[in-house]
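Ready for a few short exercises at the structure viewer? Have the chain open beside you, try each task, and then read through the solution.

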Amino acid sequence: MSQINSGKVLRPQRKVQIGKVVSDRMDKTRIIVSAWSATHSKYHKVVKRFSRFHAHDEQNASHTGDVVEIMETRPLSKLKRWRIIKVVEKAQ
């Protein structure tokens, strides 16, 4: 789990995802959708799947349509376990 390096205990790497903001209606909270692919067990076709994350946005910097990078963090509320690191691409 944690590593010891020159007397210091290092935290394990946190998960990072890139996704698109689909809702910015809440204050300091954004809903991010991240797409991933999986192979169907019976038909062996590649199927597109989606994961929704509730992420914390302290400055309310991101808006609907923006592509953002999010990082896993401690639980901030019932659903929020991610925070927005940066806005990768602004919406057109």
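The exercises below concern a predicted model.

**Exercise 1. An aromatic pair**

Task: Find the rings that pair, and decide whether the pair is stacked, edge-to-face or tilted.

Solution:
- Start with the count, which is 1 aromatic pair.
- The partners are Phe53 and Trp82, with 4.8 Å centre to centre and 55° between the planes.
- Planes under 30 degrees apart count as stacked and over 60 as edge-to-face, so an angle of 55° makes this pair tilted.
- Now place the rings: Phe53 sits in strand 5 (residues 46-56) and Trp82 in strand 7 (residues 82-89), so the pair links parts of the chain 29 residues apart.
- Finally, check exposure: both Phe53 and Trp82 are buried.

**Exercise 2. The surroundings of His56**

Task: Work out which polar partners the side chain of His56 has.

Solution:
- Begin by locating His56, which belongs to strand 5.
- Its side chain comes to 3.3 Å from the backbone oxygen of Lys28.
- A polar contact of 2.9 Å joins the side chain of His56 to that of Lys80.
- Leaving out residues up to four places away in sequence, His56 touches Lys28, Leu76, Lys80, Trp82, Arg83 and Ile84.

**Exercise 3. Salt bridges across the chain**

Task: For three salt bridges, including Lys28 with Glu58, Lys90 with Asp66 and Lys86 with Glu69, find where the partners lie and how exposed they are.

Solution:
- The count comes to 4 salt bridges.
- In one of them, the closest N and O atoms of Lys28 and Glu58 are 3.1 Å apart. Lys28 is in the loop between strand 3 and strand 4 (29-39) and Glu58 in the loop between strand 5 and strand 6 (67-72), so the bridge ties together parts 30 residues apart in sequence. Lys28 is partly exposed at 29%, and Glu58 is partly exposed at 43%.
- Lys90 and Asp66 meet at 3.5 Å, N to O. Lys90 is in the segment after strand 7 and Asp66 in the loop between strand 5 and strand 6, 24 residues apart. Lys90 is partly exposed at 47%, whereas Asp66 is buried at 2%.
- For Lys86 and Glu69, the closest N and O atoms are 3.7 Å apart. Lys86 lies in strand 7 and Glu69 in strand 6, so this bridge ties together parts 17 residues apart in sequence. Lys86 has 46% relative accessibility and is partly exposed; Glu69, at 18%, is buried.

Note on methods
Residues numbered from 1 in each chain as written. Predicted model: local features only at pLDDT ≥ 70, side-chain atom pairs only at ≥ 80, totals over all residues. Heavy atoms only, no water. Phe/Tyr/Trp six-rings, centres within 6.5 Å; stacked < 30°, edge-to-face > 60°. Helix = DSSP H or I, 4+ residues; strand = E, 2+ residues; numbered from the N terminus. Buried < 20%, exposed > 50% of the residue type's maximum accessible area, 1.4 Å probe, protein only. Polar contact = N/O pair within 3.5 Å; in protein donor to acceptor, adjacent residues only side chain to side chain. Contact = heavy atoms within 4.5 Å. Salt bridge = Lys/Arg side-chain N within 4 Å of Asp/Glu carboxyl O.
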